Structure formats: C-alpha cells, structure tokens
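Student: Could you take a close look at one part of this protein with me? I would like to see how that part sits within the whole chain.

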Amino acid sequence: KLAAVIETAAMNETELGEYCRRRGLYPEQLRVWREACERANDWERAAATRAARETKDDKKRIKALERELARKEKALAEAAALMILRKKAEAIWGREDEDE
C-alpha cells in the first residue's frame, strides 16, 4: 500500500487511472491509503507532543513534591529540636508536675 502511494504521488489523473487499471485498484483506495499514511505521520508528532507535555507535567509534580518534602523535613526538625529542649529543661529544672 505504501509503495502504491509513493509510486502514484506525482501522477496526474490520467496516469493514475492507467496505474489503477493495471493493478486492479480503485483511485479511491489510493486516496484512503494516502490519508492513512499522512495520519500515521501526524500520530508520531502528536505522540511526541503528548510525551513532551507529560514530561513537563511530571517535572511540575516532582518540584511540588520536593517542596512539600522540604517543608515536612523542616517541621520534623523543629519538632525534634523542641523535644530535645524540653528534655534538657526537665533535666535542669525538673518536671512541672513535681512542683505541685
């Protein structure tokens, strides 16, 4: 089919009709095959565009997740520091419950 499309690409209507008679084809078949070939090329471009868009979306998502992770790590470090300070304060001054 592709060979027929390529062979007939530069033919005029008369030559195309003669070619089709020799091969037992209809000109409409060749038009359909040509359109299929053109769509196949468009599909590759569309797939590349889709892949680029997905890559861009993935990068945005990764960046957002990294920001969230950094925020959570800071919160965890702060909580750990507060726990250490509380233990040190208890070691120095004792627990608040003991004074009552």
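Student: What radius of gyration does the protein chain have, and what would a compact globule of 100 residues have? After that, please walk me through the coiled-coil region that UniProt lists at residues 48–82.

Tutor: Happy to! Keep in mind that this is a predicted model. The protein chain has a radius of gyration of 36 Å, while a compact globule of 100 residues would come out near 13 Å. The box around its C-alpha atoms tells a similar story: along the principal axes it spans roughly 110 × 20 × 15 Å.

Now for your region. The label "coiled-coil region" at residues 48–82 comes from an unreviewed UniProt entry. In the model, this stretch is 100% helix and 0% strand, and 51 Å separate the C-alpha atoms at its two ends. Helix H3 covers residues 27–93 and has the highest confidence in the protein chain, with a mean pLDDT of 90.

Let's step back to the surroundings. The protein chain holds four helices and zero strands, so from the N terminus on the order reads α-α-α-α. Helix H4, at residues 96–99, has the lowest confidence, with a mean of 61. Where pLDDT is low, the predicted coordinates should not be read in detail. Across the protein chain, pLDDT averages 87, and 93% of the residues score at least 70.

What about the surface? Just 11% of the 100 residues count as buried. The protein chain exposes about 9,000 Å², with carbon and sulfur atoms supplying 55% of that area. Among its side chains, 23 are positive and 22 are negative, and the centres of these two sets lie 6 Å apart.

For one example, try Glu15 in helix H2, which runs over residues 13–23. Glu15 counts as partly exposed because its relative accessibility is 40%, a value between the 20% and 50% cut-offs. From Glu15 to Arg45 there are 30 residues in sequence and 32 Å in space, C-alpha to C-alpha.

Note on methods. Residues are numbered from 1 along each chain as its sequence is written. This is a predicted model: local features need pLDDT of at least 70, side-chain atom pairs count only at pLDDT 80 or more; totals for chains, interfaces and linings use all residues. Side-chain values use heavy atoms; hydrogens and water are left out. UniProt positions are given in the numbering used here, feature names are shortened, and annotations may be inferred rather than shown by experiment. pLDDT is the predictor's confidence in each residue, from 0 to 100. The radius of gyration is taken over C-alpha atoms; the globule rule is 2.2 Å times the number of residues to the power 0.38. Buried means under 20% relative accessible area, exposed over 50%, partly exposed in between (1.4 Å probe, protein chains only). Accessible areas come from the Shrake-Rupley method with a 1.4 Å probe; for residues, only the protein chains shown count as cover. Lys and Arg count as positive and Asp and Glu as negative; His and the chain ends are not counted. The place of a charge is taken as NZ of Lys, CZ of Arg, CG of Asp or CD of Glu.
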